[in-house]
Amino acid sequence: MRLDLHLGVHKTATTHLQRYWVQCAGLPGAAACPPMQEVRNAVTPVAYGAPATAQATAWLAGWPGRTDRLVLSEENLIGDCGLLFDQQSLYADARRRLARVADMLPQADLRLWLCIREYGSFIRSAYSEVLRHRPYKPFRSAYTGFNLDQRGWPELVADVQAAFPRARLHVWRYESLAELRDRITTTLFDVPASALPTPDDARDRQSLSRMAVRLLDDICQKAGADVATKVRPSVERIVNGPNYPRFDPWRDDERQAFQRRYEQDTARLAREPGITWLG
């Protein structure tokens, strides 16, 4: 059985792609693609250290009898947004987590897919996502100590390759998704571009607005983090939308440094012989 494993990362329209690919799996002759929650229930606990249960093993083993081509997509296999800020690093445990997953997956015909994003926009979007699930913390308190100097996307790619040494890894930039989506999808599902359904272009949730974060910072300072946490959903609903600029915490020099680093790292990845660079 051919297996395609899409690893995300977070905040790169992964949920959008997952929903679209489930649609594509319904096309005649297309590869199968189980919904994300089904994958998350069966496989993701293994990445966090849970043993490969009989249920998970049976779930995977049952697919070859139903199809010879399977697409799995789940961004939490390499980590989660909260861990980025807990560890102050870019998916520091990815190699160990993916090695656990590799032990339970068939390796004979495995292809890997990974999307990356410009560092500054990725970090601010990940911060917004963390606030939806954790107690409120001002951005600079959450970000201080985050180390990109020694660990960026090339290091994550190296960890993915180490965990799956026999698999071909395909990498693309989030910024190129619109022009690459059809190409990637036709490759995954073995269907012509003319047969693809019209995608729902509503992407994953956007980061918080600048006004929302400013208000939450004021509430946190005056009333405490517990109060800011409780009112965050209401603040987000009230001051988010097209009339409110996105949250952007970076100074001009930080933004420029992130962009230079991203350009250097994407150029490096594009030259790597062990990956297929899609653009």
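# A cavity, a long helix and two buried residues

In this predicted model, helix H5 (81-87) and helix H6 (94-102) each contribute at least two residues to the lining of the largest cavity. The structure holds one cavity of 30 Å³ or more, and the volume of the largest cavity comes to about 30 Å³. Rolling a probe the size of a water molecule over the atoms shows where empty space is left. Around the largest cavity stand Ile78, Gly79, Leu83, Gln87, Tyr91, Ala92, Asp93, Ala94 and Arg97. By character, the residues of this lining divide into five that are nonpolar, two that are polar and two that are charged.

Helix H5, which supplies part of that lining, is also where Phe85 lies. Phe85 counts as buried because its relative accessibility is 10%, where buried means under 20%. Leaving aside neighbours within four places in sequence, Phe85 is in contact with Ile123, Ala126, Tyr127, Val130, Ala142 and Phe146. Of these partners, Phe146 is 61 residues away from Phe85 along the chain, yet the C-alpha atoms of Phe85 and Phe146 are separated by 7.2 Å.

Helix H7 (119-131) is the place of a second buried residue, Ser128. With a relative accessibility of 0%, Ser128 counts as buried, and, if residues up to four places away in sequence are not counted, Ser128 touches Ser207, Leu208 and Phe247.

Further along the chain comes helix H13, which spans residues 252-271 and so has 20 residues; from its first C-alpha to its last it reaches 29 Å, close to the 28 Å expected at 1.5 Å a residue. Which residues of H13 are buried? They are Glu254, Phe258, Arg261, Tyr262, Asp265, Thr266 and Leu269. Seen down the axis of H13, these buried residues fall within an arc of 130°, and therefore they line one face of the helix. An α-helix has 3.6 residues a turn, so residues three or four places apart point the same way. On the other side of H13, by contrast, Asp252, Gln264 and Arg271 are exposed.

What, then, covers the buried residues of H13? The covering elements include helix H7, already met as the place of Ser128, together with helix H8 (139-143) and helix H9 (153-163). Strands take part as well, among them strand E3 (110-116), strand E4 (168-173) and strand E5 (275-277).

Methods
Residues numbered from 1 in each chain as written. Predicted model: local features only at pLDDT ≥ 70, side-chain atom pairs only at ≥ 80, totals over all residues. Heavy atoms only, no water. 1 Å grid on protein atoms, 1.4 Å probe; cavity = no way out; pocket = protein on both sides within 12 Å on 5 of 7 lines; lining within 4 Å. Points joined across faces, edges and corners; volume = space filled by probe spheres on them. Helix = DSSP H or I, 4+ residues; strand = E, 2+ residues; numbered from the N terminus. Nonpolar A, V, L, I, M, F, W, Y, C, P; charged D, E, K, R; others polar. Expected span 1.5 Å × (residues − 1). Buried < 20%, exposed > 50% of the residue type's maximum accessible area, 1.4 Å probe, protein only. Arc of directions from axis to C-beta. Contact = heavy atoms within 4.5 Å.
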